[in-house]
Amino acid sequence: MRSGRSEPFQFFLNHPLPMSDESLKIGDGLTLASIGNQDTMAACLDDFGNSLKRSGRILIRYQKNLLLLKVGEPEVWTQVSAPGWRFIPQMDEGPVKSRLQDCSPIRAFQAGAENAMGIKKYVVLDDNRKTTARCTLYHLDNGERSLTFGFTQPLRGYDAEHSILRRFLEKNGASALDSHANLHAQCGFDQPMYDSKPSVEITADAPAIETANHLVATSLNVARQNEQGVSRDYDTEFLHDYRVNLRKVRSVLSLFKGVYGDEDTAHLKRQFSDIMKVTNRLRDLDVYLLAKQDLFGLLPERMQPGLEQMFSIFNKERRRELKHVIKMLHSSSYQRDMAELQEKFRSTDRLAPGPKAMTASLPFATHLIWARYSKVCRIARKIDRSTPDEEIHELRIQCKKLRYLMEFFAGLFPQRMLKDLIKPLKRLQDNLGNFNDFSVQQDSLQAFLNSYANSHRSGSVVAMAESIGALIILLRQKQAEQRAQVTQSFADFDSPEIRQQFTDVFHHGTSQ
Amino acid sequence: MKVVACYSNKGGVGKTAAAVNLAFASARSGRRTLLCDLDPQGAAGFYYRVKPSKKLENQEFFKDVERFTRAIRASDFDNLDVVPANMSYRDFDIFLARMKHSRSRLKKALNAVDHDYDVIVLDCPPNISRLSENVFRVSDYVLVPVIPTTLSERTFRQLTDFFEQHNLNKKKLLPFFSMVQKQKNLHKETMDRLRKQNKRFLAGVIPFSSDIEKMGIHRAPVLSYSKSSGASRAYRMLWREIDGKI
């Protein structure tokens with residue numbers, strides 16, 4: 001068991017320990033003895049967003065074992081997990097899993113290249129041959145590069161012996177693990193870091209068309225990095241990120257009025273809308289399937305078989321839809337179009353400029369944001385209990401556009417101030433988003449039920465209608481709850497301070 | 001946390017072997033286990049190769065939790081720590097009582113050293129003293145190895161009488177047969193008779209075994225070096241039975 005005082009020691013080792021035999025005297029009646037060697041294959045795991053690498057953690061899998069270390073922290077965690085898991089919730093329970101709870105439960109973990117790994121275990125024995133400390137070395141070798149790291153394990157009541165072991169290791173070149181970039185690369189995990197929201201550098205006096213090109217090129221690039229993940233169906237976040245970024249492109253095209261010529265704008269809008277359309281149904285199905293547990297939780301057990309059947313139909317449909325999407329992504333026309341589009345936005349002279357093309361970015365931005373903010377307020381301030389749902393939907397869309405604009409031009413304004421403005425806006429958007437989700441779910445459940453009723457015998461339709469009917473009622477209640485909160489969420493966003501900030505920065509431009 | 005004492009008022013009955021192996025079985029089952037060697041002969045510590053710290057030997061470290069925890073040594077096995085003997089256990093009963101009755105205070109003290117145990121196994125000295133009386137009071141169960149012979153039968157009766165005289169809860173007593181030689185008729189008959197008289201005898205029976213005797217050579221519990229021997233099976237079975245009760 002662990003000692004209360006001694007801390008384990010994590011280290012790199014530049015060369016092997018000077019042990020010709022199985023054991024070596026390391027001090028005062030103490031012997032370092034080898035107790036086992038294992039040669040195996042190992043791979044480093046991370047998700048596409050490099051959650052672990054970003055937080056200085058390394059997760060290594062060898063056979064059924066998982067080894068987690070965090071650079072700069074002395075502890076090393078190990079556990080066994082049956083193979084086949086891809087998402088954290090699927091992992092067997094254990095100390096490694098409990099230390100990965102901050103990772104997204106819907107992002108798949110993927111393995112990097114396989115390395116040969118040698119594991120050597122040592123103990124420090126006293127003159128009674130009692131174990132007084134342990135030490136494990138891992139040697140990774142991928143043919144080009146190799147690396148040895150290890151950690152000690154102090155034992156309770158044997159602090160002095162652990163110190164002697166540590167001194168012995170340090171004398172033989174062990175240095176504390178404190179930089180992790182290299183370790184990831186050495187473990188064969190040096191793919192470029194994916195960033196779903198790269199910061200875009202824009203300047204105040206750059207022409208608006210240059211800024212627009214820059215924003216579109218960046219989003220296109222991020223979208224395209226997700227194509228392979230979508231095709232291989234690693235997890236649903238690839239398609240999500242892909243669509244978010246294409247939506248950003250479309251927002252630039254529709255919100256930056258007059259930057260590109262009318263003809264080009266219309267053509268580009270249609271092109272991107274056609275691409276996204278192919279993925280719409282797949283994303284809808286992903287959303288339903290991700291909500292499966294929540295929906296089951298809403299219904300009593302006796303009503304669940306109907307839902308089970310619905311989800312199995314969704315699963316089948318999803319397989320078909322995925323094939324469509326993959327077919328598109330792999331088609332030569334798509335590949336060619338995307339490459340051309342990327343090229344168009346990379347250069348400055350491929351798209352016809354509109355009347356606003358040469359406007360400086362800062363006044364262009366403040367004008368757009370102020371106009372959109374005013375529109376949001378106009379709609380929101382009129383909302384009361386009698387306002388039709390359509391107006392709430394309209395408010396959601398306007399808030400979304402405002403948010404996009406503020407994020408597109410984030411580089412032009414003080415970060416702290418933007419954060420303060422976006423925070424209550426985000427809460428309002430969450431509220432409106434939930435309102436919309438519950439509404440969309442009702443519609444799609446109803447649509448599913450209708451098509452099911454047309455193609456099945458009445459006996460099974462009754463059971464299905466009962467389950468889905470109950471769900472729709474519950475979702476309507478939830479939607480109403482969300483709707484009731486909208487006025488308050490807007491009031492939080494519409495505080496005098498925030499109004500003043502918007503006016504100062506985006507109307508009078510005084511914060512610059 | 002449960003306290004299980006291994007006790008016999010007669011020596012040479014397999015008491016220490018039982019404490020050493022049952023503590024091992026407890027740790028193996030995943031329970032964080034502490035084996036305390038209260039027998040000044042220090043055999044339990046010897047089997048786990050744990051030397052008492054020279055510095056601590058002359059201190060009264062049962063005075064408080066912190067001093068006691070400093071005497072704890074990791075064994076070579078997961079989930080198992082040992083407090084070696086050769087120490088003044090004058091205040092051990094006080095310490096134990098405190099551990100049991102003010103668990104929140106204990107928790108605080110143990111949290112300070114990042115530790116806690118599910119099971120504490122006590123290897124008690126083979127006599128009836130004030131220490132043993134206090135051990136009986138604070139233990140949840142008192143395991144008593146009994147060799148099925150007339151003499152051991154008599155010693156066990158002395159123990160039950162002691163419990164009665166001192167108003168101790170006899171339900172804590174969990175006797176089991178130890179060093180049993182199946183081929184001896186006397187052993188068989190004694191076991192049958194005692195089981196009829198006392199329903200609390202555990203079903204698990206520890207055989208007389210040369211594997212157990214070799215513990216002194218291996219300096220390790222028989223469960224670690226001879227897993228599939230009859231003796232190991234018997235200890236595992238006995239622990240499962242005890243574990244079911246605690």
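**Exercise 1. Place Gln271(A) in its helix, decide whether Gln271(A) is buried or exposed, and find which residues it touches.**

Solution. In this predicted model, begin with the backbone: Gln271(A) belongs to helix α8 of chain A. Next take the accessibility, where the cut-off for a buried residue is a relative accessible area under 20%; Gln271(A) has 19%, so Gln271(A) counts as buried. Finally, leave out residues up to four places away in sequence, and the contacts of Gln271(A) are Asp337(A) and Leu341(A).

**Exercise 2. Describe how helix α7 and helix α8 of chain A are arranged, giving the distance between their axes, the crossing angle and the handedness.**

Solution. Two packed helices are described by the angle between their axes and the distance between the axes. For helix α7 (residues 237-255) of chain A and α8(A), the axes come within 10 Å, and they cross at roughly 150°. An angle over 145 degrees counts as roughly antiparallel, and α7(A) and α8(A) are therefore roughly antiparallel to each other. As for handedness, the crossing in which α7(A) passes α8(A) is left-handed. The last step is to look at the residues that meet: on the side of α7(A) they include Leu239(A), Tyr242(A), Leu246(A) and Leu253(A), while on the side of α8(A) they include Leu268(A), Phe272(A), Met276(A) and Asp286(A).

**Exercise 3. Find the salt-bridge partner of Arg318(A), and work out which parts of chain A the pair ties together.**

Solution. Side chains of opposite charge can pair when their charged atoms come close. Arg318(A) forms its salt bridge with Asp286(A), and the closest N and O atoms of the two are 2.5 Å apart. Arg318(A) lies in helix α10 (residues 304-330) of chain A, whereas Asp286(A) lies in helix α8 (residues 262-290) of chain A, so the salt bridge ties together parts that are 32 residues apart in sequence. Both residues are buried, and for Arg318(A) the relative accessible area is 12%. To complete the surroundings, set aside the neighbours within four places in sequence; Arg318(A) is then in contact with Asp233(A), Thr236(A), Leu282(A), Leu285(A), Asp286(A) and Leu289(A).

**Exercise 4. Compare the placement of two further salt bridges, Glu407(A) with Arg403(A) and Asp118(B) with Arg32(B), and then name the network that contains Arg318(A).**

Solution. In the pair from chain A, the side chains of Glu407(A) and Arg403(A) form a salt bridge with an N to O distance of 2.8 Å. Both residues lie in helix α13 (residues 389-408) of chain A, and they are 4 residues apart, which is about one turn of the helix. Glu407(A) is partly exposed at a relative accessible area of 30%, whereas Arg403(A), at 16%, counts as buried.

In the pair from chain B, the closest N and O atoms of Asp118(B) and Arg32(B) are 2.9 Å apart. This pair links distant parts of the chain, 86 residues apart, with Asp118(B) in the loop between α6 (103-112) and β5 (119-123) of chain B and Arg32(B) in the loop between α1 (15-28) and β2 (33-37) of chain B. Asp118(B) counts as partly exposed at 23% relative accessibility, and Arg32(B) counts as partly exposed at 34%.

For the network, follow the salt bridges that share partners: they join Asp233(A), Asp286(A) and Arg318(A). Over all chains, a search of the whole structure finds 28 salt bridges.

**Exercise 5. Trace the sheet of 8 strands in chain B, identify the strands at its edges, and say which helices pack on the sheet.**

Solution. Read the strand order as β3-β4-β2-β5-β1-β6-β7-β8 in chain B, which gives an open sheet with mixed pairing. The edges are β3 (73-74) and β8 (205-207) of chain B, each with a single partner strand, so one side of each is left without a neighbour in the sheet. At one of these edges, β3(B) pairs with strand β4 (residues 80-83) of chain B in the antiparallel sense over 2 bridges, and Arg73(B) stands opposite Val82(B) in β4(B).

Now add the helices. Helix α8 (residues 150-165) of chain B packs on the sheet and touches β6 (141-146) and β7 (173-180) of chain B, its direction making about 160° with that of β6(B). Helix α13 (residues 230-245) of chain B also packs on the sheet, where α13 touches β5, β6, β7 and β8 of chain B, and its direction makes about 160° with that of β8(B).

Technical notes
Residues are numbered from 1 along each chain as its sequence is written. Chains are lettered from A and ligands numbered from 1 in the order in which they are written. This is a predicted model: local features need pLDDT of at least 70, side-chain atom pairs count only at pLDDT 80 or more; totals for chains, interfaces and linings use all residues. Side-chain values use heavy atoms; hydrogens and water are left out. A salt bridge is a side-chain nitrogen of Lys or Arg within 4 Å of a carboxyl oxygen of Asp or Glu. Buried means under 20% relative accessible area, exposed over 50%, partly exposed in between (1.4 Å probe, protein chains only). Two strands pair if DSSP finds at least two bridges between them. Contact means heavy atoms within 4.5 Å. Axes are lines fitted to C-alpha atoms, for helices over the stretch in contact, and angles run from 0 to 180 degrees between N-to-C directions. Angles under 35 degrees count as roughly parallel, over 145 as roughly antiparallel, 65 to 115 as roughly perpendicular and the rest as oblique. A crossing is left-handed if the near helix is turned anticlockwise from the far one by less than a right angle, and right-handed if clockwise.
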